[in-house]
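Visitor: I have a model open on my screen and would like to learn how to read it. Could you take me through some features step by step?

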Protein chains: 4
Amino acid sequence: MSQKLGLCLIGANGAVSTTVMAGVALMRKGLAPRRGMITETRFAAGADLASLDQMVFGGWDLREDNAYEAAMSHQVLPIHLLNFVKDELSAFKPWKATASKRFLHSMAGKNILQLGSMREEIAKISQDIADFKAAHNLDRVVMVNLTSTEKYCEVSDVHRTLAAFEKGLDSNDERISPAMKYLYAALDSNTPYVNFTPSLSNVPALLEMSLKKQVPVAGEDGKTGQTLLKTAVAPVLALRDLHVEGWYSANILGNNDGLVLNDPESNKTKVTSKQRVLDSILGYQVEDHQVHIHYYKPRGDAKESWDNIDIAGFLGERMQIKVNFLCKDSILAAPLVLDLARLMDLAKRQGRSGIQEQLSLFFKAPYHAAGKEPEHNLFKQGEMLRAWLQA
Amino acid sequence: MSQKLGLCLIGANGAVSTTVMAGVALMRKGLAPRRGMITETRFAAGADLASLDQMVFGGWDLREDNAYEAAMSHQVLPIHLLNFVKDELSAFKPWKATASKRFLHSMAGKNILQLGSMREEIAKISQDIADFKAAHNLDRVVMVNLTSTEKYCEVSDVHRTLAAFEKGLDSNDERISPAMKYLYAALDSNTPYVNFTPSLSNVPALLEMSLKKQVPVAGEDGKTGQTLLKTAVAPVLALRDLHVEGWYSANILGNNDGLVLNDPESNKTKVTSKQRVLDSILGYQVEDHQVHIHYYKPRGDAKESWDNIDIAGFLGERMQIKVNFLCKDSILAAPLVLDLARLMDLAKRQGRSGIQEQLSLFFKAPYHAAGKEPEHNLFKQGEMLRAWLQA
Amino acid sequence: MSQKLGLCLIGANGAVSTTVMAGVALMRKGLAPRRGMITETRFAAGADLASLDQMVFGGWDLREDNAYEAAMSHQVLPIHLLNFVKDELSAFKPWKATASKRFLHSMAGKNILQLGSMREEIAKISQDIADFKAAHNLDRVVMVNLTSTEKYCEVSDVHRTLAAFEKGLDSNDERISPAMKYLYAALDSNTPYVNFTPSLSNVPALLEMSLKKQVPVAGEDGKTGQTLLKTAVAPVLALRDLHVEGWYSANILGNNDGLVLNDPESNKTKVTSKQRVLDSILGYQVEDHQVHIHYYKPRGDAKESWDNIDIAGFLGERMQIKVNFLCKDSILAAPLVLDLARLMDLAKRQGRSGIQEQLSLFFKAPYHAAGKEPEHNLFKQGEMLRAWLQA
Amino acid sequence: MSQKLGLCLIGANGAVSTTVMAGVALMRKGLAPRRGMITETRFAAGADLASLDQMVFGGWDLREDNAYEAAMSHQVLPIHLLNFVKDELSAFKPWKATASKRFLHSMAGKNILQLGSMREEIAKISQDIADFKAAHNLDRVVMVNLTSTEKYCEVSDVHRTLAAFEKGLDSNDERISPAMKYLYAALDSNTPYVNFTPSLSNVPALLEMSLKKQVPVAGEDGKTGQTLLKTAVAPVLALRDLHVEGWYSANILGNNDGLVLNDPESNKTKVTSKQRVLDSILGYQVEDHQVHIHYYKPRGDAKESWDNIDIAGFLGERMQIKVNFLCKDSILAAPLVLDLARLMDLAKRQGRSGIQEQLSLFFKAPYHAAGKEPEHNLFKQGEMLRAWLQA
């Protein structure tokens with residue numbers, strides 16, 4: 001099998017994407033350890049995965065600067081590290097992106113695709129993918145959504161069947177979001193798709209299409225910091241029958257992702273995604289589970305979470321657990337993007353299509369079959385992945 | 001099967017023991033919820049366990065007051081709750097305990113067994129068990145060690161074979177600790193034994209005896225607070241390849257257990273027990289893993305732990321997790337004692353003997369076969385227990 | 001001077017009021033230490049203050065149960081302590097209270113004054129005070145507002161002059177809040193008034209009246225937990241030129257006060273009060289100062305605050321301070337109420353009227369002369385109080 | 001007055017010293033803000049202070065590398081900042097230092113003064129100062145002790161009078177520490193001296209000498225992180241009569257300073273210095289005040305403190321305050337060194353000699369007249385400094 005894999009990133013100049021690109025360049029040069037990726041551990045030993053050393057990047061972004069300028073502005077990696085890969089990053093310029101004021105309040109950037117219809121936009125996205133493959137002589141490509149969180153949106157009739165969706169495209173139905181257009185283009189281009197954001201994209205119409213086109217999809221919302229720990233601590237409490245009376249989660253972050261979440265509608269999309277995980281692990285509904293996300297400027301990309309868990313133990317006596325995670329948003333996300341790209345490529349080569357439940361480990365709100373409860377317990381998710389990789 | 005089970009507690013007037021006794025009395029009266037015990041959840045549904053409602057208590061202690069007076073002094077449960085079961089607790093008076101200045105620095109209490117030889121002490125302990133069975137018409141009894149942590153002690157020749165040990169008893173060898181004498185008496189009385197403390201008791205000589213006498217044993221050192229969370233958080237970090245550069249654990253507690261741990265030799269026993277868990281879960285040796293335990297008077301039984309975990313993720317970038325557990329030592333321990341007593345009784349009825357590895361979940365330093373690494377991962381331990389219960 | 005002082009509490013069955021009453025009764029009986037009150041320390045030694053032993057309580061509340069029932073429901077003090085003063089508390093029944101849906105969303109309780117006009121309501125409140133004095137043979141009374149936070153409200157024309165206000169009363173102007181009616185009645189009855197809440201009451205019209213009637217007033221919003229620490233930590237940072245780049249304050253509490261603050265309009269009143277303190281101490285505007293208050297049920301009266309302070313020091317290098325206060329709302333507030341009542345009584349006897357700036361120490365948003373910045377620095381506030389007491 | 005001031009740093013290649021030197025160079029070039037120094041704020045406006053722009057550095061160290069190499073190894077400042085001042089730092093090479101195994105366990109480095117007698121060592125130190133003045137044409141010099149903490153040592157007869165001390169020097173009395181030799185040389189060279197460490201140096205003999213030679217001295221142990229906050233929080237608790245039942249302070253740090261503190265005798269020196277502050281502020285002895293310092297490698301210079309304060313308020317009810325300071329040891333210390341150098345230079349020009357109590361603000365254990373309690377309250381210390389500067 002050829003090792004060469006292309007990644008098409010939606011939001012290619014964002015903090016996560018530029019960290020992914022800088023990281024791959026640094027690791028190739030031996031200037032940073034290969035850490036934080038499951039696909040680089042014995043967990044994935046023996047799996048036939050694309051090599052980091054031959055990965056190629058493309059992608060869309062509303063910003064028109066190059067990836068070096070973007071990475072410097074995000075302040076994720078130390079300046080002296082970025083300077084080691086200045087040439088590689090400077091050479092990267094994103095393609096024009098599709099966007100919609102209806103779904104994103106604060107649309108900074110001018111690198112916007114301005115075409116007359118949704119059909120034309122999708123055609124252009126597909127053409128970008130085809131050109132990318134040709135330019136780099138690539139057989140295989142994976143698309144990853146890494147843009148800002150879109151406003152809250154619910155599934156409506158236009159999203160329910162592929163036929164309705166296609167008709168919606170024809171009439172430029174404004175309930176079709178940018179995230180859905182990218183996914184449609186991916187499926188149409190036979191390209192596996194990962195939704196690393198909480199934006200709604202995998203609606204029934206497109207799931208139908210993924211099965212029909214035999215393309216694997218995975219999502220949604222990367223499980224990076226607070227939720228990662230939550231899905232590890234909750235199983236302990238279940239195991240010991242320590243009853244959760246309340247779980248209060250606060251998050252502060254100051255990057256662009258945080259700024260977008262200041263918009264109440266985008267915030268709602270995110271909080272909804274973060275709140276689902278607890279009850280299914282515990283087996284009962286927590287009476288007071290709160291998740292708050294606040295944009296807090298001094299932090300930049302260095303996100304912090306503060307969790308307070310009120311538990312009642314033997315005889316109903318009360319105790320508290322507090323978990324404080326001082327993390328780096330993009331540093332936690334970037335390796336998962338690389339893992340997912342490689343694993344989705346593997347899934348595609350195995351002929352899998354539709355939802356890839358074995359990748360639930362990576363997501364806050366794992367895609368799951370209709371009518372089925374997704375698995376949130378981190379350790380059970382780990383077993384699912386292990387079983388697939390060892391099969 | 002008769003539901004009636006007797007518990008013989010070593011350290012019967014301590015904070016954990018009196019909480020166990022008060023708790024059973026309160027639950028029987030419906031004045032407190034049946035919470036915090038695995039044996040009361042669906043996890044153990046279907047297992048043929050002794051009932052809480054017919055449990056009977058006996059035990060040894062250096063203190064000579066009754067259990068109500070002891071419980072009031074420990075300040076674990078609110079006064080108004082203790083008063084609901086004042087009669088039951090007041091009726092409990094402990095048997096005289098065996099003790100040794102060599103193994104315990106601060107021996108408060110006068111309720112001491114003063115006999116001429118180790119053999120006589122053991123005979124008296126066995127007699128206490130026999131009398132207890134007769135008085136309450138009990139078929140089955142379990143012994144649980146809940147005393148203060150003994151001073152640090154290593155296995156030496158007298159502990160290595162049953163023959164050497166018996167010879168040691170004959171010559172009153174001072175390397176034989178009180179904990180070992182109780183265990184010997186338990187095995188001799190065909191009584192399952194649980195070591196809930198980190199004190200050394202299950203030496204090779206007595207493991208040999210447990211197999212010979214066909215009695216099950218389990219230990220050691222109940223996994224209650226900080227270590228419980230540690231064995232849940234560490235697997236997440238392993239799963240995500242977040243490298244642990246250091247793990248700093250501080251503990252403050254102000255109960256009698258804490259006071260004993262102010263003695264450097266007892267502290268060493270405890271810290272050694274707490275430090276083992278990390279490396280085997282992570283698969284590498286953590287370069288700087290520290291555990292500190294400090295007696296801090298204002299807290300009483302309300303133990304607090306503060307953990308700081310330094311991790312290196314993608315590209316070696318550093319992040320921190322801080323876990324702060326405001327817990328209640330005896331409230332966490334008491335339900336495990338009840339779980340263990342019921343499960344050990346089940347194991348005995350199943351004809352099991354020697355180390356019960358399926359109970360590793362309950363311990364900081366699980367007993368394990370010689371030459372084998374014990375399982376520390378909380379979730380794997382949970383699976384081991386589930387498998388046994390469902391078999 | 002007679003030692004006998006009457007306290008008229010608005011919100012007399014609330015958590016703070018019942019803790020004040022239970023506390024005075026417990027201290028009188030010698031069942032609890034006289035702690036937490038400045039007026040009981042050497043700080044106030046020599047000041048001619050009314051005695052705790054002869055204090056008498058009256059007050060209004062929407063709840064009609066007695067103070068023992070109310071105190072049991074608030075769960076501030078342990079049950080066994082409350083039972084020591086059950087008789088005293090059971091004997092207390094509040095007077096009917098005035099209330100307004102416009103100013104308070106969640107009006108629980110039926111003990112409501114239902115009269116035809118504002119003038120009649122005020123007359124009834126004044127009559128309650130007069131009857132209280134007569135019944136207990138009191139010369140001196142102080143009124144303290146301890147009700148729930150009213151909705152956010154700004155000063156408008158009806159509040160600007162006493163003449164306009166009086167005309168507003170005549171026409172039942174709905175911009176006149178319950179808090180203002182109580183204050184009007186207090187001034188009319190020659191009774192010193194303390195606003196321990198953030199509700200707007202000391203409008204220019206009533207300040208004019210307090211000077212005319214020669215009655216002292218003090219407020220607003222008792223400085224109890226998070227803000228207390230904030231006004232102590234901020235001066236350190238100013239002194240060391242550690243620049244505050246951001247200060248994020250979260251609060252969780254589960255008592256009735258917290259429930260009221262779930263109403264966005266009441267929340268706004270409170271947050272506005274809490275946010276003022278920082279900039280004046282530091283001497284510059286903090287770019288990102290956030291205060292969040294969330295009702296979190298499991299906590300009851302045991303409020304918790306979590307503050308994160310981002311500072312830039314030498315060469316602009318960044319550091320963080322986190323302050324976590326696990327406090328008890330009413331336990332912090334109750335002693336300040338007693339301090340304020342005694343000090344306002346002293347001020348009245350000294351012939352002082354209008355705003356009592358020397359009591360700024362006790363408030364989050366100290367009343368201050370128009371056009372003047374209030375003093376927020378806790379230590380300078382302490383010096384102001386000391387200077388007055390020693391004069 | 002000439003603006004040119006020389007600083008002689010003991011431990012010139014340490015983390016604090018190199019941060020001082022790098023900082024001054026960066027500020028001069030306008031590459032870093034002038035922050036964190038009292039002497040750069042309005043607090044010191046009008047005081048006739050030496051300029052940062054004409055400061056010159058000299059000093060002694062056991063390491064023989066240059067200051068750039070040393071700074072890179074300490075990892076206090078980001079690499080790209082250090083590179084801006086690489087030339088200035090590379091040009092600095094420390095003089096040979098005096099040292100003693102008796103007072104410092106881990107003496108890394110070979111740049112050691114090896115002479116036959118204490119008198120010769122002192123003569124060499126004095127000569128270094130004289131040469132430094134001549135080389136840079138300096139009128140005024142200040143010496144600052146910034147070395148590692150020496151082992152615990154108590155005042156004995158040789159330290160009590162100048163006569164005894166001189167005799168001790170003649171006989172090479174091993175109770176005379178390196179810190180004392182530097183101080184002796186400073187006084188002998190008419191050079192103001194600051195002890196920024198907890199090492200014992202200002203013994204009665206040398207205080208006698210400072211008065212006789214009319215040289216000002218100040219110390220000891222810079223008040224940087226945990227203790228700084230402690231002396232701000234404790235006054236609040238005193239003011240509100242919140243009784244401190246216990247105060248548990250843990251510190252983790254991974255720099256060379258921390259490594260030295262792993263030696264129990266050096267640790268004792270430091271802990272003793274940190275423990276004094278609390279009782280004098282509160283006015284009573286805290287029953288359980290603990291200070292723990294642990295070397296924790298992953299942190300490097302990024303020190304962290306965790307304080308837990310147990311308080312009893314109204315009616316004896318208990319609450320907790322936790323303060324977590326994520327700071328940078330050298331970033332907090334360096335600006336104080338610059339403040340102290342400039343203020344001591346001012347004191348010298350004013351003709352002051354002996355202990356400079358007005359600088360207590362800067363120290364954990366302020367030097368104070370015999371028989372007098374030092375002032376620890378941060379805000380009172382601030383007033384003392386302000387009064388002096390404004391006089």
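Guide: We will go from strands and helices to the contact between two chains. Please keep in mind that this is a predicted model.

Visitor: Let's begin with strands. Which way do S1(A) and S3(A) run, parallel or antiparallel?

Guide: The general idea is that strands of a sheet pair through backbone hydrogen bonds, either parallel or antiparallel. Here, S1(A), residues 5–10, is joined to S3(A), residues 140–145, by 6 bridges, and the two run parallel. To find the register, look at Ile10(A), whose bridge partner in S3(A) is Asn145(A).

Visitor: And how many bridges link S1(A) to S2(A)?

Guide: There are 6 bridges in that pair too, again in the parallel sense, with S2(A) covering residues 55–60. On this side, Cys8(A) has Gly58(A) as its bridge partner. Between S1(A) and S2(A) the chain passes through helix H1(A), residues 15–28, and this β-α-β crossover is right-handed.

Visitor: Are the residues of S1(A) buried or exposed?

Guide: 6 of the 6 residues in S1(A) are buried. Leu5(A), Leu7(A) and Leu9(A) point one way, while Gly6(A), Cys8(A) and Ile10(A) point the other way, and all of them are buried.

Visitor: Now for a whole sheet. In what order do the 6 strands of the open sheet in chain C come?

Guide: The order is S2-S1-S3-S4-S5-S10 in chain C, with parallel pairing. The edges are S2(C), residues 55–60, and S10(C), residues 354–355, each of which pairs on one side only. Inside that order, S4(C), residues 193–195, and S5(C), residues 216–219, pair in the parallel sense over 3 bridges. One pair to look up is Asn195(C) with its bridge partner Gly219(C) in S5(C).

Visitor: What about a strand with two unlike faces? Which residues form the covered face of S7(C)?

Guide: The covered face of S7(C), residues 288–295, holds His289(C), Val291(C), Ile293(C) and Tyr295(C). The uncovered face has Asp288(C), Gln290(C), His292(C) and His294(C). S7(C) pairs in the parallel sense with S6(C), residues 243–253, over 8 bridges. In that pairing, Val291(C), from the covered face, is the bridge partner of Ser249(C).

Visitor: Let's turn to helices. What span should the 14 residues of H9(C) have?

Guide: At 1.5 Å a residue, H9(C) should span 20 Å, and its end C-alpha atoms are 20 Å apart, which agrees. H9(C) is also mostly covered, since 12 of its 14 residues are buried. Among the buried ones are Leu228(C), Leu229(C), Lys230(C) and Val233(C). After the helix comes Asp241(C), whose phi is positive, near 55°.

Visitor: How does one judge a single residue? Why does Arg318(A) count as partly exposed?

Guide: Count the neighbours: Arg318(A) has 18 C-beta neighbours inside 10 Å, so it counts as partly exposed. A residue would need 20 or more to be buried. Arg318(A) lies in strand S9(A), residues 318–326. Leaving aside residues up to four places away in sequence, Arg318(A) touches Asp310(A) and Ala312(A).

Visitor: Finally, the chains. By what turn can chain C be laid on chain D?

Guide: In general, two copies of a chain are related by a rotation about an axis and a shift along it. For chain C and chain D, the turn is 180° and the shift along the axis 0.0 Å, with an RMSD of 0.0 Å. That is the relation of a two-fold axis. In chain C, the C-alpha nearest the axis belongs to Val323(C), 2.3 Å from it.

Visitor: How many residues does each of these chains bring to the contact?

Guide: Chain C and chain D bring 44 residues each. On the side of chain C, S9(C) gives the most, with 8 residues. By class, that side has 28 nonpolar, 9 polar and 7 charged residues. 100% of the interface residues of chain C are also interface residues in chain D, so the copies meet through the same surface.

Visitor: Which way do S9(C) and S10(D) run across that contact, parallel or antiparallel?

Guide: They run antiparallel, joined by 7 bridges, with S10(D) covering residues 318–326 of chain D. Look there for Val323(C), which stands opposite Val323(D).

Methods. Residues are numbered from 1 along each chain as its sequence is written. Chains are lettered from A and ligands numbered from 1 in the order in which they are written. This is a predicted model: local features need pLDDT of at least 70, side-chain atom pairs count only at pLDDT 80 or more; totals for chains, interfaces and linings use all residues. Two residues are in contact if their C-beta atoms, placed from the backbone, lie within 7 Å. Helices (H or I, at least four residues) and strands (E, at least two) are DSSP runs, numbered from the N terminus. Ala, Val, Leu, Ile, Met, Phe, Trp, Tyr, Cys and Pro count as nonpolar, Asp, Glu, Lys and Arg as charged, and the others, Gly among them, as polar. Two strands pair if DSSP finds at least two bridges between them. A crossover is right-handed if, with the strands pointing away from the viewer, the path from the first strand over the helix to the second runs clockwise. The expected span of a helix is 1.5 Å times one less than its number of residues. Copies are superposed by least squares on the C-alpha atoms of residues with pLDDT of at least 70 in both.
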